[in-house]
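Q: Please take a close look at a single part of this model. Then work outwards from that part to its surroundings, in one connected account.

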Amino acid sequence: MTTENTTQDLEDREVPHSPLAGPLDARTMAPEGVSDGPDVVIPMWRQRVRIFMHNKLAIASVVYLVLVTLFCFLWPHLHPTNQTNQNLALTQPFNAPPSAQHPLGTDSNGFDVLGRIAFGGEYSLTVGFLAGVVTIIVGTIYGMVSGFVGGIVDTVLMRILDAALSIPLLFLLITLVTLFSRSATFLILLIGLTGWFGNARIVRGDALLIRRLEYSQAATAMGASKWHIIRRHVFPNSISNIVTVGTFSVADAILFLSTLGFLGLGIQPPNTDWGTMLQNGSDQIANGYWWEIYPLAAIFILVVVAINYIGDALRDAFEVRLIER
Amino acid sequence: MFAYVVRRLMQSLIVLFIVLVFTFTLPYFEPHGILAPAYVVLGTKASPANVHTWGVQHGMFHPYLVRLWDYIVQVVWHHNLGFSYKQNLSVWGIISLYVPRTVWLALTALVLTFVIAVPLGIFQANKRNTVFDYTATGSAFILYAIPSFLLCLLVLQVFSFGITHLPASPPSGVAPWAIFTDPVGFILPVGTLTLLSVALISRFMRGTVLEVLVQDYIRTARAKGCSNRRVLFAHAFRNALGPIVTILGLSIPGLFGGALIIESVFNYAGLGIETVNAATYLDSPTVLGITLLVSIFTLLGNLIADILLGVVNPRIRIQGEQ
């Protein structure tokens with residue numbers, strides 16, 4: 001951690017790399033094509049982007065996520081289908097196999113399945129992403145305050161966290177969703193506000209550690225304010241964990257929303273989300289209407305795999321030992 | 001050691017109290033007011049007078065602190081976890097039948113997870129970056145991304161209606177320990193629950209063993225001429241056990257959450273199904289009781305994990321006693 005910070009200070013002042021660095025310097029171990037030249041210190045964020053870009057599967061994951069997102073938000077405009085009329089099955093064929101008109105067939109309500117995947121995806125992706133953002137913000141602030149203020153505040157905050165962690169999340173979510181509302185906004189807040197416990201614990205661990213490191217102590221000795229130390233030292237050095245765990249939070253939020261959907265507590269009709277759709281499709285699985293569940297299942301699972309994989313690749317990109325010094 | 005356990009138990013009690021107060025307070029924030037369950041119990045067209053009577057009967061109009069105190073007396077003194085709104089029974093009377101069923105289900109899955117995931121993780125670390133490792137890691141990655149209910153459905157589709165014809169749900173109306181006397185019906189639910197946690201734990205075990213394998217004492221053991229198997233299972237295994245025990249303790253709430261889904265799909269009456277039912281009837285005392293109970297299991301699990309941590313890693317035990 002200390003060395004990472006030194007590198008950052010160096011890079012801020014654009015000091016050329018020391019020629020004294022021996023041949024066993026870490027950069028000789030960096031992947032080929034990463035180095036710009038022997039005497040230039042590459043800004044850290046660009047090195048991180050490069051390490052990330054070297055991971056082919058991570059790039060594929062990003063491309064896949066972008067494509068799915070574009071599909072979900074653009075397809076309903078390119079190829080509008082009726083996704084809200086509950087009485088569609090009275091006039092349209094329902095449970096119809098794939099055809100030219102309906103590329104993935106129709107479901108038991110007569111909705112076009114391909115259009116509905118895009119329609120439900122808008123909710124699943126939006127709720128998942130925003131809930132992940134809420135998780136990151138709340139978890140980071142809570143963990144930073146707890147780890148940095150310390151003392152009795154830390155003890156009290158951590159006991160509250162213990163209590164929160166010992167309530168099984170799914171039980172809590174079910175209770176809250178049934179008690180309150182099932183609107184998209186509420187689901188975002190709910191999944192976000194119940195998902196940050198693990199994040200807070202990790203950020204707190206980082207804050208506790210970095211606060212005690214020599215450069216933080218030195219900054220304190222030089223008269224830096226607490227806020228300055230948080231902003232300039234603690235936050236930049238724990239950003240890797242915040243972003244990595246935050247990525248996993250988005251995946252978890254999407255999974256949680258789908259589980260709520262399965263229990264009938266997800267986005268309510270006439271709107272839908274992927275979990276609710278999978279639940280509806282699973283009712284038809286025994287009838288052999290494969291198009292109502294398997295295409296969506298594949299898209300859904302790959303979305304979660306891709307997000308988790310991006311999280312893994314981000315962890316590598318932030319790994320100090322891979323950064324060229 | 002004794003002082004440590006007592007201190008941890010006291011801490012757990014404080015945590016439990018926070019959980020109790022939190023879940024007890026939740027219905028107060030309900031948009032339709034605290035009398036909303038009355039309309040579920042008495043019907044949506046219940047007259048205001050009847051609703052009022054219901055409220056009086058259930059002590060709804062007492063001040064908050066009085067109600068909280070009454071509830072604590074029910075839990076601590078009468079051990080009945082309060083009274084259900086929907087059914088005219090104490091909460092413990094409703095769930096006492098389900099508790100052993102869910103606990104046996106979860107416990108069996110936990111033991112199986114440990115037995116499968118730990119050797120799997122060790123082998124993966126030993127054979128790292130081989131086809132075996134990539135396959136196992138890839139499967140874990142995908143398993144981790146499948147929503148649990150979807151995995152249940154796929155398992156049902158393949159093993160109950162596909163290549164084999166295992167029973168799709170455990171026998172109903174049997175003793176809680178039927179899981180041992182009549183295991184055939186439990187293969188799919190327990191197997192699915194195990195599969196869900198094996199993905200997580202084996203991945204974690206692999207990482208931990210990889211970290212252990214680069215330590216100096218492993219090199220020393222190899223230099224002494226220990227066989228690979230002895231290095232893995234005597235040296236690496238014992239040193240990787242610490243983090244795994246902690247993770248197993250922490251995975252208990254997830255296990256109960258998984259059991260909730262498993263019970264719904266495989267139609268096995270347990271705490272999970274009861275929670276969903278009670279929640280849809282706004283029967284908050286029952287939900288509160290179950291939440292409290294599962295929290296107790298979680299806290300006990302964490303305590304046992306921490307004590308076991310001292311057993312597998314004496315260095316921590318010494319620190320804890322000082």
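**Helix α11 of chain A and its surroundings**

A: In helix α11(A), the buried residues are A:W274, A:G275, A:T276, A:M277, A:L278, A:Q279, A:G281 and A:S282. The model is a predicted one. Eight of the 10 residues of α11(A) are buried, so the helix is mostly covered. The cover comes from both chains: the buried residues pack against α4 (113-149), α10 and α12 of chain A, and against α8 (148-160) of chain B.

The loop that precedes this helix has a cis peptide bond. It runs from A:P269 to A:P270, with omega near 10 degrees, and A:P270 lies in the loop between α10 and α11 of chain A. Most peptide bonds are trans, and most residues other than glycine have a negative phi.

The contact between the chains takes in 30 residues of chain A and 36 residues of chain B. On the side of chain A, at least two residues each come from α5 (151-166), α6 (169-179), α10 (226-262), α11 (274-283) and α12 (294-318). The largest share of that side is seven residues, and α6(A) supplies it. Sorted by class, the side of chain A that touches chain B has 19 nonpolar residues, nine polar ones and two charged ones.

Two of the packing partners of α11(A), α12(A) and α4(A), have further helix crossings in chain A. The axes of α12(A) and α2(A), the latter spanning residues 44-54, come within 8 Å and cross at roughly 135 degrees. This angle makes α2(A) oblique to α12(A), and the crossing is right-handed. From α2(A) the contact uses A:R48, A:I51 and A:F52, and from α12(A) it uses A:A313, A:L314, A:D316, A:A317 and A:F318. Six of the residues in this contact are nonpolar, two are charged and none is polar.

For α4(A), the second helix is α3(A), residues 56-78; the axes come within 8 Å and cross at roughly 120 degrees. That angle again counts as oblique, but this crossing is left-handed. The residues of α3(A) in the contact are A:V68, A:T69, A:F71, A:C72, A:F73, A:W75 and A:P76, and they meet A:G115, A:A118, A:F119, A:G121, A:E122 and A:L125 of α4(A). By class, this contact has nine nonpolar, three polar and one charged residues.

Confidence varies along chain A. The chain averages a pLDDT of 79, and 85% of the residues score at least 70. Over residues 1-37 the pLDDT stays under 50, and the model has 41 contacts beyond four places in sequence for that stretch.

Chain B, which supplies α8(B) to the packing around α11(A), has 16 helices and zero strands. Along the principal axes, the C-alpha atoms of chain B fill a box of roughly 85 × 60 × 35 Å. Of the 322 residues in chain B, 36% are buried. Among contacts in chain B between residues at least 6 apart in sequence, 70% join residues at least 24 apart.

Chain B also has backbone angles to check. Phi is positive at B:H79, near 55 degrees, and at B:L81, about 60 degrees; neither B:H79 nor B:L81 is a glycine. The loop between α4 and α5 of chain B holds B:H79 and B:L81. B:H79 counts as exposed because it has 9 C-beta neighbours inside 10 Å, whereas B:L81 is buried, with 23 other C-beta atoms within 10 Å.

Technical notes: Residues are numbered from 1 along each chain as its sequence is written. Chains are lettered from A and ligands numbered from 1 in the order in which they are written. This is a predicted model: local features need pLDDT of at least 70, side-chain atom pairs count only at pLDDT 80 or more; totals for chains, interfaces and linings use all residues. Two residues are in contact if their C-beta atoms, placed from the backbone, lie within 7 Å. Helices (H or I, at least four residues) and strands (E, at least two) are DSSP runs, numbered from the N terminus. Ala, Val, Leu, Ile, Met, Phe, Trp, Tyr, Cys and Pro count as nonpolar, Asp, Glu, Lys and Arg as charged, and the others, Gly among them, as polar. A residue is buried if 20 or more other C-beta atoms lie within 10 Å of its own, exposed if 12 or fewer, and partly exposed in between; C-beta atoms are placed from the backbone. Axes are lines fitted to C-alpha atoms, for helices over the stretch in contact, and angles run from 0 to 180 degrees between N-to-C directions. Angles under 35 degrees count as roughly parallel, over 145 as roughly antiparallel, 65 to 115 as roughly perpendicular and the rest as oblique. A crossing is left-handed if the near helix is turned anticlockwise from the far one by less than a right angle, and right-handed if clockwise. pLDDT is the predictor's confidence in each residue, from 0 to 100.
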